[in-house]
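Biologist: Could you walk me through this model, one feature at a time? I would like to learn how to read each one.

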Amino acid sequence: MSPPEAPLLEQLAANSVPYRDPLAALDWRALALDRYWLPPEAISLHGTPEFSALSEPARMRLSQYELLGIAQAAVALERVALESAAWRLHRAKSSAEYAFLLHEMREEAGHGLMFLRLVAASGLEVPEWQAALPRFARPVTRLIHSDLLYWFMQVVVQDIPDKLYRFVRRHAGPELSGFVRQMITVHMLDEARHLTYARRRLEVVAQGRGLTVTRFIPPLCEILFNRFVRRLFWPDAELYERAGLGDGRPWRLVALRNPHRREFVLRLIAPTMRLLQQHGVEVRLR
Ligand SMILES: [Fe+2]
Ligand SMILES: [Fe+2]
């Protein structure tokens, strides 16, 4: 670790000191099913005639299942974040980094518990979380030792949800659940600190990579980026079935072919893609 990063780590750790436990801080009694959990524009089918033909309660229900799908992916991501942070504890080069990592772990554990409770408290039918975990959700850098890949993934898995949260907050009208808005805010504020550090590390690693980067790392970055984006924004067929829309396969196809969805996602993640590009990692949405 270069000494100039110690002040940043100390500042971030200090900002984490007033810890807010999401289980205690959130008003769980306010979680209700009579509101949207995502703004309609953020639903995978939005913009299609099929979506327009759905009743208001059906759209609302779909928004709830889509948010729960994201929450279950988040449970997996929090686990990966914890594993990664624990692994980095062994290698921490200063007390400032050690403290930052412990704060990060406390916060990620809180987020995992928050999403598990959301699923349980929703009363909606969702698959067991073990089955819902994406297969790729393990620290890939355990297998492939690449700092570039590691910090690239740290940025991707935190920056893209951040963009979605910002969209939800910007478009949170009276039809959006107040609880969801509150939950998203809690997550966003904690993640902002993790992201600041991840972006900084990616910058440092990208500057120093020179000729040492293995040729297969950039294509691997693109594959992992696309898998993540696909998992987050295009629900599987079963989700539509659980949301009460009948056979899910045609619905998944509608979403996959929905040009409005692709446009929405591209607009949302454009700042993340630009940031990655600035660090020399060009990714395209497939
Ligand atoms: Fe988190
Ligand atoms: Fe995080």
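**Reading the model**

Modeller: Gladly, and let us begin inside: about 50 Å³ of space lies in the largest cavity. This is a predicted model, where local features need pLDDT of at least 70, side-chain atom pairs count only at pLDDT 80 or more, and totals for chains, interfaces and linings use all residues. Residues are numbered from 1 along each chain as its sequence is written, chains are lettered from A and ligands numbered from 1 in the order in which they are written, and side-chain values use heavy atoms, with hydrogens and water left out.

Biologist: What is a cavity, and what is a pocket?

Modeller: On a 1 Å grid over the protein atoms alone, a cavity is a set of points where a 1.4 Å probe fits but cannot get out, while a pocket is an open set with protein on both sides within 12 Å along at least five of seven lines; lining residues have an atom within 4 Å of a point. Grid points are joined across faces, edges and corners, and a volume is the space filled by probe spheres set on the points. Here there are 2 cavities of 30 Å³ or more.

Biologist: Which residues line the largest cavity?

Modeller: The lining includes Leu67, Met114, Tyr165 and His187. Helices α4, α5 and α8 each give at least two residues to this lining. Helices (H or I, at least four residues) and strands (E, at least two) are DSSP runs, numbered from the N terminus.

Biologist: How do I read a metal site?

Modeller: Look for the donors, which are N, O and S atoms within 2.8 Å of the metal (3.2 Å for Na, K and Ca); water is not among the atoms, so sites may look incomplete. For the iron ion (ligand 1), the protein donors are Glu78 (OE), Glu78 (OE), Glu108 (OE), His111 (ND1), His187 (NE2) and Glu191 (OE), at 1.9 to 2.6 Å.

Biologist: Why is the arrangement around the iron ion (ligand 1) called irregular?

Modeller: Ideal angles are 109.5 degrees for four tetrahedral donors, and 90 or 180 degrees for six octahedral ones. In practice, four donors count as tetrahedral if all angles lie between 85 and 135 degrees; four count as square planar and six as octahedral if opposite donors are over 155 degrees apart and all others between 65 and 115; anything else is irregular. The 6 donor atoms of the iron ion (ligand 1) subtend angles of 52 to 169°, so their arrangement is irregular. Glu78 lies in helix α4 (residues 56–89) and His111 in helix α5 (residues 95–122), so this pair ties together parts that are 33 residues apart in sequence.

Biologist: Are Glu78 and His111 buried or exposed?

Modeller: Buried means under 20% relative accessible area, exposed over 50%, and partly exposed in between (1.4 Å probe, protein chains only). Glu78 is buried at 4%, and His111 is buried at 0%.

Biologist: Which residues coordinate the iron ion (ligand 2)?

Modeller: Glu108 (OE), Gln158 (OE1), Glu191 (OE) and His194 (ND1) do, at 1.9 to 2.2 Å. The angles between these 4 donor atoms run from 74 to 146°, which makes this arrangement irregular. Glu108 bridges the iron ion (ligand 2) and the iron ion (ligand 1), which lie 3.9 Å apart. Gln158 is in helix α7 (residues 147–170) and Glu191 in helix α8 (residues 178–208), so the two tie together parts 33 residues apart in sequence. Gln158 is buried at 7% relative accessibility, and Glu191 is buried at 6%.

Biologist: How are aromatic pairs described?

Modeller: A pair of rings is described by the distance of the centres and the angle of the planes. Rings of Phe, Tyr and Trp (its six-membered ring) pair if their centres lie within 6.5 Å; planes under 30 degrees apart count as stacked, over 60 as edge-to-face and the rest as tilted. This rule gives 6 aromatic pairs. One of them is the tilted pair of Trp28 and Phe179, with 4.9 Å centre to centre and 50° between the planes. Both Trp28 and Phe179 are buried. Trp87 and Tyr150 also form a tilted pair, at 6.1 Å and 45°. That pair links Trp87 in helix α4 to Tyr150 in helix α7, 63 residues apart. Trp87 is partly exposed at 24%, whereas Tyr150 is buried at 6%.

Biologist: Which residues do ring pairs link into a cluster?

Modeller: Trp87, Phe100, Tyr150, Trp151 and Tyr197.
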